[in-house]
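Here is a short report on the fold, the helices and some selected residues. Look over the sequence and the model first.

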Amino acid sequence: MTQPAPRVFARIAGTGSFLPETVLSNDDLAKRVDTSDEWIRERTGIHQRHVASAGQTTSDLAFEAGRRALEAAGVAASEVQLLIVGTTTPDLIFPSTACIVQHKLGANGCMAFDVNAACSGFLYALSIADQFIRAGTVKTALVIGAETLTRMLDWSDRGTCVLFGDGAGAVVLKADEETGIISTHMHADGAYQKLLWNPVGVSAGFKLDEENAGVRVLMTGNEVFKVAVKTLDAVVEEALSANELDRSAIDWLIPHQANLRIIQATAKRLNMPMDRVVVTVDRHGNTSSGSVPLALDEAVRSGKVQRGQLLLLEVFGGGFTWGSALLRY
Ligand code: UT7
């Protein structure tokens, strides 16, 4: 009698990350805009951020993170069947950053594309790769979150320029009979477009010469803050109830690194002590799509996250977009 095919999971086989060398401190920023180290630390938890150097692109950061993840997984670039880059700061309008990274890695020939879901890009990409692996279409995928968000900041706007940094993180997913990604829940609500956006583009026009319409991030920070806290509460509840899990089952919360106060609010909701929460926002700032995979890689390499542990990853960003991934590492 034919046995039913075993269920296939997408399991993390290796992680990697990369931060550009240049570090910008809060004191450095206080020389440019009317702010202070004290204000930034108190309101955001950020002490410093990394900034890509001139000529260093998103694909450079993504390549290095991807290379390290492949090395950690013991997977050759030629084995990658699917390469997705979550980014809202692509090198070029086209080709996609994923195509550029694919060529740099020597993974030529595999399916490669970008996902733009602002800060949620990495989890969106992870959820897509998970579907391909569960369906049996793909056995090995490289998923990267990479950004050079500092390239589109208004350095005279203290409400945004102190928040963001550059960086990239990556995971190699392999088809496995052992449990890996258990669930992903992704959402978007375009009604919130104008609370956090960059209002220029190809079809809408570049508008570089119009006042207030340069290539820059615009954000109504306190409104975003309120929706983010409420939405992240809901998304962690959604992940737990969909899997009939009690909050005590989670070993590590790996949240989007936008603001320490938002992270603390989600941890409180989960009844999790902060020593079970991975925090990198103090040193990285908000690296958008890079934030969760950077935090994951740091937690794996430092030995915090161990094989077999249950991880809850969550994100929130422009769009608005948001979501979670529950996985056994
Ligand atoms: O990854 C995507 C998701 N993004 C987020 O989740 C970001 C969410 N928002 C936030 O993290 C916070 O709203 C901010 C950190 C951006 C701002 O903190 P806040 O506590 O919400 O401050 P606020 O915007 O209500 O501003 C309070 C005051 C204002 O001054 P007045 O009007 O009270 O005189 C601002 O002008 O703080 C002022 N302010 C600053 N002061 C010093 C704003 N930015 C700065 C600054 N330094 N950098």
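## A buried histidine and its surroundings

H185 has 19% relative accessibility, so it counts as buried, the cut-off being under 20%. The model is predicted. H185 sits in strand β8. Its contacts, leaving aside neighbours within four places in sequence, are V235, E238, A239, A242, W322, G323 and S324.

**Helix α7.** Two of those contacts, V235 and A239, are among the buried residues of α7. The others buried there are V224, V227, A228, V229, T231, L232, D233, V236 and L240. What do the buried residues of α7 pack against? Their partners are strands β8 (181–188), β9 (196–197), β10 (218–219), β12 (310–317) and β13 (321–328), plus helix α8 (260–269). The length of the helix can be checked too. α7 covers residues 221–242, 22 residues in total, and at 1.5 Å a residue it should span 32 Å. Its end C-alpha atoms are 31 Å apart, which agrees.

**Helix α10.** This helix covers residues 291–301. Nine of its eleven residues are buried, so α10 is largely enclosed by the rest of the structure. The buried ones are S291, V292, P293, L294, A295, L296, D297, A299 and V300. G303 follows α10 and has a positive phi, near 90°.

**V217.** This valine lies in the loop between β9 and β10. Is V217 buried or exposed? It is buried, with a relative accessible area of 6%. Not counting residues up to four places away in sequence, V217 touches L149, M152, L153, D157, T160, F164, L196, W197 and N198. L196 is 21 residues from V217 in sequence, yet the two C-alpha atoms are 7.2 Å apart.

**Backbone details.** Two peptide bonds are cis. One runs from F94 to P95, with omega near 0°. P95 is in the loop between β4 (82–86) and α4 (97–105). The other runs from G319 to F320, with omega near -10°. F320 belongs to the loop between β12 and β13.

Two residues that are not glycine have a positive phi: E244 and S288. E244 follows α7.

| Residue | Phi | Loop | Relative accessible area |
|---|---|---|---|
| E244 | about 50° | between α7 and β11 (252–255) | 76%, exposed |
| S288 | about 55° | between α9 (281–284) and α10 | 1%, buried |

**The chain as a whole.** How many helices and strands does the protein chain have? There are ten helices and 13 strands. The radius of gyration is 19 Å, close to the 20 Å that the globule rule gives for 329 residues, so the chain is as compact as a globular protein of that length. The C-alpha trace spans about 70 × 45 × 35 Å along its principal axes.

Of the 329 residues, 53% count as buried. Among contacts with a separation of 6 or more, 75% are between residues 24 or more positions apart. The accessible surface is about 14,100 Å², and 50% of it belongs to carbon and sulfur atoms. The chain carries 30 positive and 37 negative charges, and their mean positions are 2 Å apart.

Terms used. Residues are numbered from 1 along each chain as its sequence is written. This is a predicted model: local features need pLDDT of at least 70, side-chain atom pairs count only at pLDDT 80 or more; totals for chains, interfaces and linings use all residues. Side-chain values use heavy atoms; hydrogens and water are left out. Helices (H or I, at least four residues) and strands (E, at least two) are DSSP runs, numbered from the N terminus. The expected span of a helix is 1.5 Å times one less than its number of residues. Buried means under 20% relative accessible area, exposed over 50%, partly exposed in between (1.4 Å probe, protein chains only). Contact means heavy atoms within 4.5 Å. The radius of gyration is taken over C-alpha atoms; the globule rule is 2.2 Å times the number of residues to the power 0.38. Accessible areas come from the Shrake-Rupley method with a 1.4 Å probe; for residues, only the protein chains shown count as cover. Lys and Arg count as positive and Asp and Glu as negative; His and the chain ends are not counted. The place of a charge is taken as NZ of Lys, CZ of Arg, CG of Asp or CD of Glu.
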